[in-house]
Amino acid sequence: MIPSIHERGSETIGLIRYLYGPGTEEEHIDPHLVAAFDPLTPDPGRDPKATYEQLQRLLDQPVNALPASRRPKKHVWHLSVRTAPEDPVLSDADWAAIARRMVAATGIAPDGDEQACRWAAVRHADDHIHIIATLVRDDGRRPRLHNEARRAQTECRRIEADYNLRRVPTGDGTAAKRPTSAERHKAKRQGKDRTSREELRETVRRAVAGATSEEEFFDRLAAAGVLIHKRVAPSGDLLGYKVALPDDRNGNKEPVFYAGSTLSPDLSLPRIRRRWSDGAAAQDPAEPPDRTAIPASSSPAAARRRAATATWQAVLVIDQGSDAQVAAHIAAAAEVLDALAKTSAAHTRAELREAAFAFERATRSHVQAERGHDRALRQAARDLVYSGPALGRGEDGATTAMAIDMLFFLVTAAAHWHAKKNHAQQAAAARQAAEHLRTAYRAAADIPLGALYLRGRHLSQPLRERQAVHLRQAVPELAEQALAEPGWFALAATLADAEAAGHDPAGLLSEAAGRRELATADSVSEVLMWRLRRMADLPADATAMPQRTTTSAPGNDRTARPAASRSDQPGRAR
């Protein structure tokens, strides 16, 4: 349940007309009173004799009783309370009880206070109510509303428990503004899954991902097809920007613009500029400025491999770094997710998009990010954007699975960090993103894992047993679990490939397992396999390598017999 205290107003009649009117997008249905300070309060929604003006005069009576000099300039208080989409539809009686609890908790009308402020609760939809109150008590004094937003949140947590509603994590004031009821109804009427506000937030975030200048940022926005309005000072300096979808129009057929700061606090132009300036300030003076696009030779697969490496390093920072460094890496990780979703093949794009959409909430808290240390992640996002769309097969598809696997651990580490800091909403958002990454991983990894499984099955028994010895030697606490998993064959093939390339399999295994716990992994063997292929610089796509079957020394294995049919592949372990 979400309470929203709106900006105070000066016209009671204006808010009453809105609450009882059709709404900006004709979304109000059967507006009526569910509760009020006085049971005899007139209801213009259900009583044909009642008028808006009667309700207004009744609510404003204590205000008008004061001398003009003592009346507050903005005396209209407005609170909306909304349930989650999956919650059951509450009755009018339920909403009436909730309204009384909210006005009591916020200080508008404490229980038993007969001189409290006058208020009324209006319902014009299944999922929410609006409470209007005037901020002069019947005794002429002002109500005590200190921290009313926090108290409203606390009461909503109790209401959720009492009515068996979805438990919403406690917020800290850093979340992006939610779509309004009118925006949601408009999107539904137009057959859209997301509101214009949400679509634009995603578009702007993608334009920011890895960008290094205002020119590049606005060029990306223009390429995405959104309308852009820049706010320019008389001096010619750019002060801010607004964006709109071309097909999103108001009643006057004009585009509906949203300022970057209203899409999300970190999408204001000053906050975006800070990413670029801080990155430059933190750069090594001996290192030339990195303001160029990535090399022309870069491919989607190479960009994904670099993203996996940068992501893995970021996991270690989240485990061991300062709070300011961790906050910066979490924010930059969102840029990698946005870029990966934008450039991935169709079979993974939807889940990656949902993961990025969910993780956005995990990028902001009251911990101030120390920019500059996140340059590797931001460069990885840039590489992904400029490497172009990836194929869903071959090395592109396999390195996509590798990158997703690493991102899963980063997002999970972010969830743990937020939980330790009591950032409830951020931790929940990161966990939600992790679940979408699980699904995306399954889609991305199916084919490359199948190829590696066959490769491992075709290893000679002595060669496979030698890899099992390496596994038991390096990670005895994980060996038996990995050996029992279907992914063991893929891991065995990877160990054989690493050994043939001149690496020490046991040493690689020790490093891969020791640098981050594996308790959150669905398949230990698969996680180790992707880490080893990245660390040993092995092709992620096993079909690009010759088959090994013999027990001969590394580098002398002969080519395998033809691969088995696809029916030999295991069920997915993840």
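**Exercise 1. In this predicted model, find which residues L471 is in contact with, leaving aside its neighbours within four places in sequence, and place L471 in a nonpolar core.**

Solution.
Step 1. Leave out the residues within four places of L471 in sequence; the contacts are then P476, A479, A482, L483, W488, L491, L509 and L528.
Step 2. Look for L471 in the largest nonpolar core, which has 92 residues. L471 is listed there among the residues with the most contacts inside the core, together with F359, L437, L491 and L528.
Step 3. Ask which helix gives the largest share of this core. Helix α14, residues 394–420, supplies 14 residues.
Step 4. Check for another core. One of 28 residues lies apart from the largest, and V81, I108, L145 and I159 are among its members.
Step 5. Set this beside a general tendency: nonpolar side chains in soluble globular proteins tend to be buried together.

**Exercise 2. Work out the strand order of the five-stranded open sheet and state which strands stand at its edges.**

Solution.
Step 1. Read the order across the sheet: β1-β3-β5-β4-β2, with antiparallel pairing.
Step 2. Find the strands with a single partner. These are β1 (2–5) and β2 (32–36), so each has one side without a neighbour in the sheet.
Step 3. Consider the angle between neighbouring strands, ignoring direction: on average they are turned by 25 degrees against each other.
Step 4. Take one pair in detail. Strand β3 (residues 76–82) and strand β5 (residues 128–134) run antiparallel and are joined by seven bridges. V76 has T134 as its bridge partner in β5.
Step 5. Add the helix that packs on the sheet. Helix α3 (residues 92–106) touches β1, β2, β3, β4 (119–123) and β5, and its direction makes about 45 degrees with that of β2.

**Exercise 3. Decide whether T12 and R197 are buried or exposed, and give a polar side-chain contact for each.**

Solution.
Step 1. Locate T12: it lies in helix α1, residues 12–20.
Step 2. Apply the cut-off. Buried means under 20% relative accessible area, and T12 counts as buried because its relative accessibility is 2%.
Step 3. List what T12 touches, not counting residues up to four places away in sequence: Q56, L59, D60, H75, V76, I132 and T134. With H75, the side chain of T12 also forms a polar contact of 3.0 Å. V76 and T134, both touched by T12, are the bridge partners from Exercise 2.
Step 4. Turn to R197, found in helix α6 (residues 196–208). R197 has 5% relative accessibility and therefore counts as buried.
Step 5. Find its polar contact: the side chains of R197 and E183 are joined at 2.9 Å. Beyond four places in sequence, R197 is in contact with K177, R178, P179, E183, Y258, T262 and L263.

**Exercise 4. Describe the chain as a whole and state where the pLDDT is below 50.**

Solution.
Step 1. Count the elements: the chain has 20 helices and eight strands.
Step 2. Give the extent. Along the principal axes, the C-alpha atoms fill a box of roughly 100 × 55 × 40 Å.
Step 3. State the burial: 55% of the 574 residues count as buried.
Step 4. Consider the contacts with a separation of 6 or more; residues 24 or more positions apart account for 73% of them.
Step 5. Check the confidence. The mean pLDDT is 87, and 90% of the residues reach 70 or more. Below 50 are residues 280–297, a stretch with 20 contacts in the model beyond near neighbours in sequence. Residues 550–574 are also below 50, and that stretch has 59 such contacts.

Methods
Residues are numbered from 1 along each chain as its sequence is written. This is a predicted model: local features need pLDDT of at least 70, side-chain atom pairs count only at pLDDT 80 or more; totals for chains, interfaces and linings use all residues. Side-chain values use heavy atoms; hydrogens and water are left out. Helices (H or I, at least four residues) and strands (E, at least two) are DSSP runs, numbered from the N terminus. Buried means under 20% relative accessible area, exposed over 50%, partly exposed in between (1.4 Å probe, protein chains only). A polar contact is a pair of N or O atoms within 3.5 Å; within protein, one must be able to donate a hydrogen and the other to accept it, and residues adjacent in sequence count only if both atoms are side-chain atoms. Contact means heavy atoms within 4.5 Å. Two strands pair if DSSP finds at least two bridges between them. Axes are lines fitted to C-alpha atoms, for helices over the stretch in contact, and angles run from 0 to 180 degrees between N-to-C directions. pLDDT is the predictor's confidence in each residue, from 0 to 100. A nonpolar core is a set of buried Ala, Val, Leu, Ile, Met, Phe, Trp, Tyr and Cys residues joined through side-chain atoms within 4.5 Å.
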